[in-house]
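Reader: Please walk me through this fold. Keep the answers short.

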Amino acid sequence: MLRRRPPRSASADDLLTTLGRLTAQAREGAEKQRARVELAEALQREMLPTRLPEVPGLRTAASYAPARHGLDIGGDWYDGFPLPDGSLAFCIGDVQGHDVEAAAFMGQIRLGLRAVAVHAADPGEVLSRANDLLLSVDCGLFATCTFVRFDPVAWELSSARAGHIPGIWATGDGRSGLTNDPGGLPLGIVPGEVYPVTRRRLDTSGALVLLTDGVVEGPSFPIEAGLQQVTRLVCANADGDPATVAAAAMSVAELTGHSDDSAVIVLCFDGSGPQPRVKPGPGARVAADARPPALSDG
């Protein structure tokens, strides 16, 4: 009876050769991913503003924290810029998806909002036009967003939401809450979407905080608990420096166990009332009707 010889086991040299090849492949893949992460980070750094606009009686600050893992870079953004009529625009949002594609889409949204806002100061119209503009690009991504316009003549805030989480308000006399305003779908989903506008006349000192869900939600932390925690901290610092308020709000992200990036915008009002326009221009919008009180759920 013939017996087959067992196959010869691989030599140490063969094993080392195979291991070296697999290691080289893994290193190449890691280097490609690192390059994509670095590109996404560079895109995001260039797109986020270095400072936000201010006027007498309104102080502003923002904070951004990158993702804890490189794969999640690129989703969140914020912006602030003056409009031709002398009012100020602020927006914050979160792109679905991450990495380079999300960072690039974020740039398209930011530029699209700026371009549209020059010709449509009403926040609801800004979001509606931006939504249709993004759908025409047909990139397959969508984004949540809150757009706010501050009118220094009427001393009024008008805002609209596109699927974004509510903001948080607090006043110097101890009141606080969420801006649970009506809103529409995220940008980039349905053409012709309508975004309701909420207007608030600012009659007292306080702070309004806009944020992304990376600040208040994580795998071990429900969003309701995060919003409650930020509300408590904002209320405790409502009359403080906006940078302090931003840092207090961002500290909640450390409790959530999140891996996403996160962003915060803070608008602090001193309650001094209407101010002269910094840059007068045609088409100024001054509200004539009564509005809900400042920083309330109005």
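Author: Two strands pair if DSSP finds at least two bridges between them. Helices (H or I, at least four residues) and strands (E, at least two) are DSSP runs, numbered from the N terminus. The model is predicted: local features need pLDDT of at least 70, side-chain atom pairs count only at pLDDT 80 or more, and totals for chains, interfaces and linings use all residues. Residues are numbered from 1 along each chain as its sequence is written, and side-chain values use heavy atoms, with hydrogens and water left out.

Reader: Which residue of β9 stands opposite T171?
Author: β6 covers residues 168-171 and β9 covers residues 206-211. The two strands are antiparallel and share four bridges. A170 has A207 as its bridge partner in β9. Opposite T171 stands G206.

Reader: What is the strand order of the open sheet of five strands?
Author: The pairing in this sheet is antiparallel. β1 (58-65) and β7 (176-178) are the edges; each has a single partner strand, so one side of each lacks a neighbour in the sheet. The order is β1-β10-β9-β6-β7.

Reader: By what angle are neighbouring strands of this sheet turned against each other on average?
Author: Axes are lines fitted to C-alpha atoms, for helices over the stretch in contact, and angles run from 0 to 180 degrees between N-to-C directions. For the strands of this sheet, direction is ignored. The average turn is 15°.

Reader: Which residue of β10 does V209 stand opposite?
Author: β9 and β10 run antiparallel. Six bridges join them. V209 faces V266.

Reader: How many residues of β9 are buried?
Author: Buried means under 20% relative accessible area, exposed over 50%, and partly exposed in between (1.4 Å probe, protein chains only). In a regular strand the side chains alternate between the two faces of the sheet. In β9, G206, L208 and L210 point one way, while A207, V209 and L211 point the other way, and all are buried. The count is six of six.

Reader: At about what angle to β6 does helix α5 run?
Author: Contact means heavy atoms within 4.5 Å. Helix α5 (residues 223-236) lies across β6, β7 and β9. Its angle to β6 is about 30°.

Reader: Which strands does helix α6 touch?
Author: Helix α6 (residues 242-250) packs on the sheet, and its direction makes about 145° with that of β10 (262-269). Its buried residues include P242, V245 and M250. Their cover includes α4 (213-216), α5 and α7 (253-256). The strands touched are β1, β9 and β10.

Reader: Which backbone nitrogen does a side-chain oxygen of D241 reach at the start of α6?
Author: A polar contact is a pair of N or O atoms within 3.5 Å; within protein, one must be able to donate a hydrogen and the other to accept it, and residues adjacent in sequence count only if both atoms are side-chain atoms. The D241 oxygen comes to within 2.9 Å. The nitrogen belongs to A243.

Reader: Which element gives the most to the largest nonpolar core?
Author: A nonpolar core is a set of buried Ala, Val, Leu, Ile, Met, Phe, Trp, Tyr and Cys residues joined through side-chain atoms within 4.5 Å. The largest has 46 residues, and W77, V95 and I109 are among those with the most contacts inside it. A second, separate core has 23 residues, including I165 and V264. With seven residues, the top contributor to the largest core is α2.

Reader: Which residue of β3 is the bridge partner of W77?
Author: Six of the seven residues of β2 are buried, so β2 is largely enclosed by the rest of the structure. β2 and β3 are antiparallel, with seven bridges. Five residues lie between the strands of this hairpin, where G86 takes a positive phi near 95°. The partner of W77 is G93.

Reader: How many disulfides does a search of the whole structure find?
Author: A disulfide is a pair of cysteine sulfur atoms within 2.5 Å. The closest cysteine sulfur to that of C91 is in C145, 5.2 Å away, too far for a bond. C91 is buried, at 0% relative accessible area. The search finds zero.

Reader: Is P219 buried or exposed?
Author: P219 sits in the loop between α4 and α5. Its C-alpha atom is 7.0 Å from that of T256, 37 residues apart along the chain. At 74% relative accessibility, P219 is exposed.
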